[in-house]
Amino acid sequence: MMHVSPRAFALAALGLLGALATPGARLGAQSTRPAEEVDRILAVAQDSIILMSQLREREFQLQAQGVALPPDSAGRLQLRRELLDQMVNEQLIVQAALADTTIQISDEQLDEAVRQDLDARIQRAGGQQAFQQILDAQDLTMQAFRDLLKQDARAQRLQQQYMAKQQRNVRVAEIEESEMREFYEANKAQLGRRPATITFRQIIVEPKPSNEADSSALRLADSLYVELLGGADFEELAKRWSDDTSSKPLGGDIGWFRRGSGLVREFEDAAFALFSGQTSPPVRTQFGYHIIKVDRIRGPERKARHILIGFKLSGDDDVRARALADSLLARAQAGESVRTLANTYGSPELPDSLTTTVDQLSSLPLGYAAVLGNAKAGDVLGPITIPNGPTTVYAVVQVIETRPEGEYTFTDLEPQIRQRLSQEKILEELMRKLREESYVEIRM
């Protein structure tokens with residue numbers, strides 16, 4: 001029977017073991033493992049070592065994930081060599097990332113990641129008490145386990161950031177169709193069945209504020225901005241006046257973000273034009289007028305607060321939106337281009353086309369499943385009534401294609417296969433260069 005170290009069993013029981021092995025021990029560092037785990041050094045990667053006990057942990061990780069280990073000694077040796085090679089690569093990437101001063105991992109990000117990770121583990125264990133019993137059985141304190149999670153989270157993020165940065169500078173040969181077809185043929189037995197899908201294009205019509213509602217929101221936003229210029233406390237005004245229910249209790253704090261994080265363009269442009277500590281005049285978006293204050297700047301990231309003064313929509317605004325949706329439905333059914341109508345009248349912030357499985361229609365906003373459940377290609381349907389926060393929007397949909405369940409074809413998967421093979425080639429080239437520049441010694 002394969003020996004499994006006590007620490008490996010503890011980590012597997014707690015769900016710690018993931019895609020990344022425990023970082024290698026530093027040369028000259030005191031090991032905290034029981035003596036029986038530190039069998040021998042299997043590899044040296046720059047200034048880190050990888051121990052036999054760590055390789056056993058990686059094997060046990062695979063078993064915990066349901067992977068059957070080779071029963072024969074030759075197969076087990078081959079697996080161990082592959083795992084050891086992977087662990088060496090991971091160590092080299094982490095060390096290269098640590099040497100790159102442009103890669104920064106903040107304790108705030110790690111603490112938040114650990115908190116979310118730990119909450120999920122506690123829930124899976126059946127609650128705080130059940131999780132604590134697992135810790136006690138493995139002679140681990142909660143703080144020690146947090147430290148392990150944080151250590152692994154840091155290593156994972158270092159690897160991710162380093163690889164993302166390096167990939168931008170790597171050029172590999174174009175992926176040949178013959179390579180992709182070979183991959184498809186070798187793996188299609190494991191792909192399962194392609195579910196039934198539906199693809200549709202839509203026009204999303206939102207109620208628009210009247211000129212009076214727009215002016216009223218701007219007047220209030222302007223008055224608050226004047227108060228801020230006079231020395232008023234931003235957090236207090238946000239807690240009192242902001243219409244953003246998620247950030248209002250936090251004094252308008254929306255945390256860290258970077259360009260492309262999902263914020264509307266007008267808000268993002270205004271935030272990235274500010275210096276640290278600076279406050280913007282009111283900025284109009286589809287949601288209302290925002291007053292934005294940048295608290296901190298860290299490279300490409302901003303930490304900001306805002307006060308949102310939303311538009312106060314009336315019943316008349318909703319009536320006008322529904323009438324417009326009815327009109328667009330009639331025009332689309334008469335043959336006008338849904339894409340053109342969406343570009344002219346639709347919301348730019350909501351998707352204008354979507355492909356989903358038929359089974360997942362029920363996970364879309366209420367109304368889609370009823371309208372699209374038995375739809376055929378070419379149908380123009382709606383308007384679908386969709387709750388959207390405090391307002392309602394309307395969707396006119398055109399069914400582009402319906403596909404029954406079946407086998408995945410090469411055409412279905414060609415983009416994913418191309419990306420997969422391209423990423424593999426990039427990784428191979430990066431690791432080749434990294435190994436050429438690093439000291440690596442394998443002792444197995």
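This passage describes the nonpolar core, two sheets, several helices and a few local features of a predicted model.

Residues are numbered from 1 along each chain as its sequence is written, and side-chain values use heavy atoms, with hydrogens and water left out. As the model is predicted, local features need pLDDT of at least 70 and side-chain atom pairs count only at pLDDT 80 or more, while totals for chains, interfaces and linings use all residues. Helices (H or I, at least four residues) and strands (E, at least two) are DSSP runs, numbered from the N terminus. Buried means under 20% relative accessible area, exposed means over 50%, and partly exposed lies in between (1.4 Å probe, protein chains only). Contact means heavy atoms within 4.5 Å.

A nonpolar core is a set of buried Ala, Val, Leu, Ile, Met, Phe, Trp, Tyr and Cys residues joined through side-chain atoms within 4.5 Å. The largest such core holds 31 residues, and Tyr162 and Leu434 have the most contacts inside it. At least two residues each come from strand S2 (41-45) and from helices H2 (52-64), H3 (73-99), H6 (142-167) and H14 (410-436). H3 gives the most, with ten residues. Beyond its neighbours within four places in sequence, Leu434 contacts Leu92, Ile93, Ala96 and Tyr162. In soluble globular proteins, nonpolar side chains tend to be buried together.

After S2 comes Gln46, in the loop between S2 and strand S3 (48-51). Gln46 has a phi near 55 degrees, a positive value in a residue other than glycine. Its relative accessibility is 34%, so Gln46 counts as partly exposed.

Helix H4 covers residues 107-125. The expected span of a helix is 1.5 Å times one less than its number of residues. For the 19 residues of H4 this gives 27 Å, which agrees with the 26 Å between its end C-alpha atoms. The buried residues of H4 are Leu110, Ala113, Val114, Leu118, Arg121 and Ile122. They cover an arc (taken from the directions from the helix axis to the C-beta atoms) of only 165 degrees, which puts them on the same side of H4. Gly126, just after H4, takes a positive phi of about 105 degrees.

Two strands pair if DSSP finds at least two bridges between them. One open sheet has four strands in the order S10-S5-S12-S11, with antiparallel pairing. Strands S10 (353-357) and S11 (380-388) stand at its edges; each has a single partner strand, so one side of each is left without a neighbour in the sheet. Neighbouring strands are turned by 35 degrees against each other on average, direction ignored. Axes here are lines fitted to C-alpha atoms, for helices over the stretch in contact, and angles run from 0 to 180 degrees between N-to-C directions. Nine bridges join S5 (residues 197-205) to S12 (residues 391-403). Among the residues of these strands, Ile204 has Ala395 in S12 as its bridge partner. Helix H11 (residues 315-333) packs on this sheet and touches S5, S11 and S12, with its direction at about 155 degrees to that of S11. S11 also contains Pro383. The peptide bond from Gly382 to Pro383 is cis, with omega near -15 degrees.

Helix H12 (residues 338-345) lies across S5 and S12, at about 35 degrees to S5. Val338, Leu341 and Ala342 are the buried residues of H12. They fall within an arc of 100 degrees seen down the axis, so they line one face of the helix. Their cover includes S5, H11 and S12. The face turned away from this buried side carries the exposed residues Asn343 and Thr344.

A second open sheet, also of four strands, follows the order S6-S9-S8-S7 and is antiparallel. S6 (253-258) and S7 (283-285) stand at the edges with a single partner strand each, so one side of each is left without a neighbour in the sheet. The twist averages 45 degrees from one strand to the next. S7 is joined to S8 (residues 288-298) by three bridges. In S8, Tyr289 is the bridge partner of Arg284. Helix H8 (residues 211-229) lies across S7, S8 and S9 (301-310), running at about 40 degrees to S8.

Arg298 is found in S8. At 22% relative accessibility, Arg298 counts as partly exposed. Arg298 touches Ser106, Glu108, Gln109 and Trp256, not counting residues up to four places away in sequence. Arg298 and Gln104 are 194 residues apart in sequence, yet their C-alpha atoms are 9.6 Å apart in space.
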